Amino acid sequence: MIPKKHAEEHFLNTHAPVACSLCSETMEREILAIHKGEICPQRIVTCDFCEFPLPAIDLAEHQEVCGNRTELCHLCNRYVRLRERYNHESRCTGIAENNEGSSRDVRAAEREQARPRRPALEYSRRRILFTIAITGIAVLLGSLFFQKKTDSSQVH
């Protein structure tokens with residue numbers, strides 16, 4: 001129960017319709033927080049593909065364009081649309097596919113050289129051995145060129 005002298009103040013603070021500061025829509029005070037967080041078309045949301053912040057009303061149009069961009073899959077060397085990336089990564093075998101209906105622009109040199117792909121393990125071993133050899137040579141050269149020369153008068 002509210003005293004009559006405070007009734008108008010109570011109504012304005014508790015029950016009076018309020019306008020959303022983002023979209024100016026009028027609503028009850030109790031649902032304003034839910035409206036601003038989940039319903040308001042002017043609330044700021046981020047794109048699933050580029051994480052760019054924009055009003056929710058513009059999100060669908062932005063994601064339609066943004067999701068059509070492509071990135072190179074590091075496993076199979078194919079260009080994959082961002083909107084298809086998750087599904088592609090979950091089923092990608094790491095082997096380049098030759099699909100006739102592919103939207104990928106295959107270069108002429110790649111089409112002519114249809115060599116089977118080398119296993120990654122063999123390539124890694126060779127690269128590691130090469131790196132170890134180069135490092136060993138660098139250490140040897142460094143120890144020869146940058147030796148500290150000691151004077152016999154300073155040695156006790």
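**Close-up views of a predicted model**

**View 1. Leu141 in helix H6.** Leu141 is partly exposed, at 42% relative accessible area (buried is under 20%, exposed over 50%, partly exposed in between; 1.4 Å probe, protein chains only). The residue belongs to helix H6, residues 120-145 (helices are DSSP runs of H or I of at least four residues, strands runs of E of at least two, numbered from the N terminus). This is a predicted model, in which local features need pLDDT of at least 70 and side-chain atom pairs count only at pLDDT 80 or more, while totals for chains, interfaces and linings use all residues. Residues are numbered from 1 along each chain as its sequence is written, and side-chain values use heavy atoms, with hydrogens and water left out.

**View 2. The nonpolar surface patch.** Leu141 is joined by Phe130, Ile134, Ile137, Leu144, Phe145 and Phe146 in a nonpolar patch on the surface. Together these residues have about 840 Å² of accessible area (Shrake-Rupley method, 1.4 Å probe; for residues, only the protein chains shown count as cover). Patch members have over 30% relative accessible area and no salt bridge; nonpolar side chains (Val, Leu, Ile, Met, Phe, Trp, Tyr) are joined within 5 Å, like charges within 9 Å. A salt bridge is a side-chain nitrogen of Lys or Arg within 4 Å of a carboxyl oxygen of Asp or Glu.

**View 3. Cysteines without disulfides.** The whole structure contains zero disulfides (pairs of cysteine sulfur atoms within 2.5 Å). The closest cysteine sulfur to that of Cys73 is in Cys76, 3.7 Å away and too far for a bond. Cys92 is in no disulfide either, its nearest cysteine sulfur being that of Cys73 at 3.8 Å. Cys73 is buried at 9% relative accessible area, and Cys92 is buried at 19%.
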